[in-house]
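Subject: Handover of a structure and summary of findings

Dear colleague,

Please find below the structure that I am handing over to you. My account of what was found in it follows directly after.

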Amino acid sequence: MRIPKALSPRLQKQLLRRFGIYDKVHPAETTPSRLVPEHIEKPDYILGKLLNTSKKPEIKNEEQIKGMRNSCNVAANILKIVQPFVQPGVTTDDIDELVHTLSLEAGAYPSPLHYKGFPKSVCTSVNNVAVHGIPDLRPLQNGDIVNVDITVFFKGYHGDCSKTFLVGDVDDHGLHLVHATEDCLNQAIKICGPDVPFCDIGFRIHRIAKRHKLTVLPAFVGHGIGKYFHGPPEIYHTQNRYPGLMKPGMTFTIEPVLSHGNENTILLEDGWTVTTEDGARAAQAEHTILITEDGAEILTK
């Protein structure tokens, strides 16, 4: 955090010791929503249709699982291409343009675009922005961290993944936050399998985050995914009592958000951008997984 000079030297040192060195980010000017050609298949919410989603987690058949593999593969490949593109001087709107173009080239629709009014094709959350950052014209700075959250709708199915990237030289606090968040995701996936309670994911992530002396932001949950963007089950990333057991054929996301500060967040006036209340940085990591007969498969790896 860039410390205001008006603060006492002692308080400046305390804040630096707790949160590290970075710029607090505020929403900036952006560009209009990008266009999608007519031939690209659109999801239900773009077509004005209400997709009937079961109140229970869906157990997918082989055909549906194949559809999920394909959509998740597209999303993962786009995220992989984005990684080296994230450099100081690049804007998050540039990232949006790249993701949008790559999605269309793959024959996919960028799922966030116009979902409940979201104006862009990807979510980009920088530093103290926890989730749902709207890509804008602010150039990324050396030392930033930025989460790029990609979902595509490909041949009838959504695939969803995200990663927090390091921009140039990131301080030790930022490095630890990003690596610990990935550790939480990976450790949570390892416990998934048939007849494992959904709530165990949250307990595992809570313990790992506590070990790293970080806070899980409880406002954000993973979700079931398929022909629908969001559906049951809800995947909590902290201690919880969410009912139900994992079964082979279920697909859902795990996407913890961790921070150096407290668990409180603020929804900004744009109706999407969520920042940490105390200005601390946040990091997120996400995969879509499939429950198999003997464990779990990462579909977006």
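A residue is called buried when its relative accessible area is under 20%, exposed when it is over 50%, and partly exposed in between. The model is a predicted one, and this should be kept in mind throughout.

With those cut-offs, Asp 195 counts as partly exposed, because its relative accessibility is 44%. Asp 195 belongs to the loop between H5 and H6. Its phi is near 70°, a positive value in a residue other than glycine.

Helices H5 and H6

The two helices on either side of that loop are H5, residues 172–190, and H6, residues 199–211. Two packed helices are described by the angle between their axes and the distance between the axes. For H5 and H6 the angle is about 145° and the axes are 9 Å apart. The crossing of H5 with H6 is right-handed. On the H5 side, the contact involves Asp 183, Cys 184, Gln 187 and Ala 188; on the H6 side, Ile 201, Arg 204, Ile 205, Ile 208 and Ala 209 take part. Sorted by class, this contact comprises six nonpolar, one polar and two charged residues.

His 173 is also located in helix H5. With a relative accessible area of 26%, His 173 is partly exposed. From His 173 to Gln 187 there are 14 residues along the chain, and their C-alpha atoms are separated by 21 Å.

Helices H3 and H4

A second helix pair is made by H3, residues 62–85, and H4, residues 92–105, whose axes come within 10 Å and cross at roughly 150°. H3 and H4 are therefore roughly antiparallel to each other. This crossing, too, was examined for its hand: that of H3 and H4 is right-handed. From H3, the residues Ile 78, Ile 81, Val 82 and Phe 85 meet Asp 94, Ile 95, Leu 98, Val 99, Leu 102 and Ser 103 of H4. By class, eight nonpolar residues, one polar and one charged make up the contact of H3 with H4.

One participant, Asp 94, lies in helix H4 and counts as partly exposed at 29% relative accessibility. Asp 94 and Asn 77 are 17 residues apart in sequence, and their C-alpha atoms are 18 Å apart in space.

The hairpin of E4 and E5

Strand E4, residues 145–154, is joined to E5 by ten bridges, and the two run antiparallel. Within this pairing, Val 146 stands opposite Phe 165 in E5. The two strands form a hairpin with two residues between them. Is strand E5, residues 157–166, enclosed by the rest of the structure or open? Eight of its ten residues are buried, so E5 is largely enclosed.

Lys 155 sits in the loop between E4 and E5. Its phi is near 50°, which is positive although the residue is not glycine. At 61% relative accessibility, Lys 155 counts as exposed.

Other strands

An open sheet is formed by three strands in the order E3-E12-E11, with antiparallel pairing. Its edge strands are E3 (129–131) and E11 (265–267), each of which pairs on one side only. From one strand to the next, the twist averages 40°. Three bridges link E11 to strand E12, residues 274–276, in the antiparallel sense; Leu 267 has Val 274 in E12 as its bridge partner.

Another open sheet has three strands in the order E6-E10-E13, and its pairing is antiparallel. Here the edge strands are E6 (215–216) and E13 (282–284), each pairing on one side only. E6 is joined to strand E10, residues 257–259, by two bridges, and Thr 215 has Ser 259 in E10 as its bridge partner.

Strand E14, residues 287–292, and strand E15, residues 295–298, run antiparallel and are joined by four bridges. Ile 289 stands opposite Ile 298 in E15, and a hairpin of two residues connects E14 to E15.

A cis peptide bond

Finally, the peptide bond from Pro 232 to Pro 233 is cis, with omega near 5°. Pro 233 is part of strand E8, residues 231–235.

Yours sincerely

Note on methods: Residues numbered from 1 in each chain as written. Predicted model: local features only at pLDDT ≥ 70, side-chain atom pairs only at ≥ 80, totals over all residues. Heavy atoms only, no water. Axes fitted to C-alpha atoms, helices over the stretch in contact; angles between N-to-C directions. Parallel < 35°, antiparallel > 145°, perpendicular 65-115°, else oblique. Left-handed = near helix turned anticlockwise from the far one by under 90°. Contact = heavy atoms within 4.5 Å. Nonpolar A, V, L, I, M, F, W, Y, C, P; charged D, E, K, R; others polar. Buried < 20%, exposed > 50% of the residue type's maximum accessible area, 1.4 Å probe, protein only. Pairing = 2+ DSSP bridges.
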